[in-house]
Structures are given as structure tokens and as C-alpha cells.
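Hi everyone, thanks for making time this morning. I'd like to walk you through one model, so let me put the sequence and the structure up on the screen.

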Amino acid sequence: MSSYIKIEGLYKSFKNKKEENQVLKGIDLDIEKGDIFGIVGFSGAGKSTLVRCINRLEEPDRGKIFIGDTEITALNKKQLTERRKKIGMIFQQFNLFDSMTVFKNIAYPLKLLGVPKKDIEIKVDKLLELVGLTDKKNAYPGSLSGGQKQRVGIARALANDPDVLLSDEATSALDPVSTLSILDLLEHINKELGVTIIMITHELEAAKRICNRVAVLENGVMTETGSTREIFLDPKSSTGKIFLEVYKEFRHDDSFIGGEGI
Ligand SMILES: Nc1ncnc2c1ncn2[C@@H]1O[C@H](COP(=O)(O)OP(=O)(O)OP(=O)(O)O)[C@@H](O)[C@H]1O
């Protein structure tokens, strides 16, 4: 299968007056259409920077990014704005507007596009149903749990029918039960809507639950990529090995060693 999202030789650094921090050091990555692709790594490895380069919230210094036939890195500002409408993004801290109701939060991107009021109403109602928040339509974010807030974030990210969803530590601020329900929702969206999901996380359990492929990012370098099963059964990189050890310690069992549930 040919890749849908392709990253070639991606470099990104941040400079301050004194020094340059080279964060991404030549990333190559192939993601297929319909993947739930996990990018795991320790804090500071460059995961957020990488995912933010995909929709050019961060401008890469060097390298190419393709989604389908479009070279994202070659788009001018106007073309990029247009393409970004089809790239949804969700965040660890949800990034909701606290002064707007759930309905208005989800409607926001559609309103920006000038979608007629009646169509917005229909679309938002559908999205509320999809994320299981129909009864919270007129609530404000302040009255919602973390899991419910993330459901609003997901609904808003899906408002423009994206083909790609970028998830930046979307479950890291949630309790274990909410985490599972959000992961199940992401899996449902992937299966039902065919949205390709790139999920960055430092929680191996989350990657194991829903990702079909995983890449390990270590200090700005992609040290291994493979099926979730391969990475869990026989990690090659030092980060992959440490992740697995820690995971085993927490689980106090070796059930995955036999490949169960992968
Ligand atoms: N806008 C920025 N300006 C300067 N430095 C930045 C910026 N964004 C990220 N960095 C630096 O880039 C490095 C990688 O950060 P990044 O957030 O991409 O890592 P991460 O793997 O997502 O870590 P975490 O899980 O802690 O968010 C860090 O050293 C960080 O300080």
C-alpha cells in the first residue's frame, strides 16, 4: 500500500539569542490511509513539534511533507489555510472557548467558513450525537468533566469532515476511565468515518489499545517504526525497550508478550 502521509528528511530547530535547539533531526515517516498511527517518546523528544509541522503550525526548516498528492510544505499561505480545514487537531488541554456553549464551540469552525445557520445546526447535532453529548448542547465547558471537554474538542475537530486528525496527547490530562472512552471514540471515528489519525502519546497503553502502527521518537530521531505488535513484542530502540519495561512494571504481567490483544 502506498503511503497517504509522507514525511521526508524533516528538520526543525528553535533558536534563541544564545543557542540553537535542533529538535527534529531528519525525520522520515510513511503513514497509510486509515491508519491510527502512534508516535511515542519521552517528554522533550519532539513529538508535539513533529505533529505541529504536519499542518505547519510550526514551519519546518527543511524537508517535505505530503498528504495524498499535496505537498503541504510547498503550499502558499492561502492554499495552506484551505488544506488545513481538512486537518483536524485535538489537544491535551482541549483548547475550548470557556465563554461559549458546547454548541457554539463545535459550530465555531463552520461559522468561520460562512456555513448557513440551518446547516450548522444540523451538522452540530450530528456531531453531538457522534460524541455522545446531545444533552450537553447548551452547557458551558466549565460544567463538563475532562472527558466531556475532550469530546467537544473532537466534535469541533470533525466539523469540517477532515481526512486527517492530529491528536496531541489528547488523553494525557484524563483519568483512566475517560482515557479509555476517548480512545474508543477515536477508534470509532477512524472506522466509521475513515479518518486517518496520528496520535502522539507518552502512554504506551493508549498506543497499544488503538494504534495499528507505532513509531518511536528519541531525541528528534525516529528510532523505529513498525506494527504495534512488533514494537510491543520486540522493541529495538532504547526508548522502545524502556517504554516496554515501564509498561510491564505497571501492568505486573507479561500477557502482551504472547501478543494477546495486539
Ligand atoms: N515554540 C518553541 N520555542 C522554543 N522551543 C520549543 C518550542 N516548542 C518546542 N520547543 C522545544 O523543543 C523540544 C521538544 O519539544 P516537544 O514539545 O516537541 O517535545 P514532546 O516530545 O512533545 O514533549 P512533551 O511530551 O513534554 O510535550 C523541547 O526542548 C522544547 O523546549
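Let's begin with the open sheet of 4 strands, which pairs in an antiparallel way and has the order β2-β1-β4-β5. Its edges are β2 and β5, the latter being residues 70–71, and each of these pairs on one side only. Inside that order, β1 (residues 5–15) and β4 (residues 62–67) run antiparallel and are joined by 5 bridges. If you want one pair to look for on the screen, take I5, whose bridge partner in β4 is I67. Please keep in mind throughout that this is a predicted model.

Now to another pair of strands, β6 and β7. Here the direction is parallel, with 5 bridges joining β6 to β7, residues 164–168. You can find F91 standing opposite D168 in β7. So is β6 enclosed or open to the outside? Strand β6 covers residues 87–91, and because 4 of those 5 residues are buried, the strand is largely enclosed by the rest of the structure.

Next, the ligand. Which residues are around it? They are F14, N21, V23, G41, S43, G44, A45, G46, K47, S48, T49 and H202. By class, that shell holds 3 nonpolar, 8 polar and 1 charged residues. Two elements, β2 (20–31) and α1 (47–54), supply at least two shell residues each. Of the elements, α1 gives the most, with 3 residues. And β2, you'll remember, is one of the edge strands of the open sheet.

Let me zoom out to the protein chain. There are 9 helices and 10 strands in its secondary structure. The radius of gyration is 19 Å, close to the 18 Å that the globule rule gives for 262 residues, so the chain is as compact as a globular protein of that length. Along the principal axes, the C-alpha atoms fill a box of roughly 55 × 45 × 40 Å. Buried residues make up 38% of the 262 residues. If we take the contacts with a separation of 6 or more, 67% of them are between residues 24 or more positions apart.

There is also a record to mention. The UniProt entry, which is unreviewed, carries the annotation "domain: ABC transporter" over residues 5–244. In the model, the end C-alpha atoms of that span lie 27 Å apart, and the span is 39% helix and 27% strand.

Finally, two individual residues, for those of you who like to click around. G146 is found in helix α5, residues 146–158. How does G146 count for exposure? Since 16 C-beta neighbours lie inside 10 Å, and the partly exposed class sits between the 12 or fewer of exposed and the 20 or more of buried, G146 counts as partly exposed. Beyond its neighbours within four places in sequence, G146 is in contact with A173, L174 and S178. G26 is 120 residues away from G146 along the chain, and their C-alpha atoms are separated by 36 Å.

The other one is I242, which lies in helix α9, residues 238–251. I242 has 13 C-beta neighbours inside 10 Å, so it too counts as partly exposed. The C-alpha atoms of I242 and F94 are separated by 29 Å, with their positions 148 residues apart along the chain.

That's my tour, so over to you for questions!

Methods
Residues numbered from 1 in each chain as written. Predicted model: local features only at pLDDT ≥ 70, side-chain atom pairs only at ≥ 80, totals over all residues. Near = placed C-beta within 6 Å. Nonpolar A, V, L, I, M, F, W, Y, C, P; charged D, E, K, R; others polar. Pairing = 2+ DSSP bridges. UniProt positions renumbered as here; feature names shortened; annotations may be inferred. Rg over C-alpha atoms; globule rule 2.2 N^0.38 Å. Contact = placed C-beta atoms within 7 Å.
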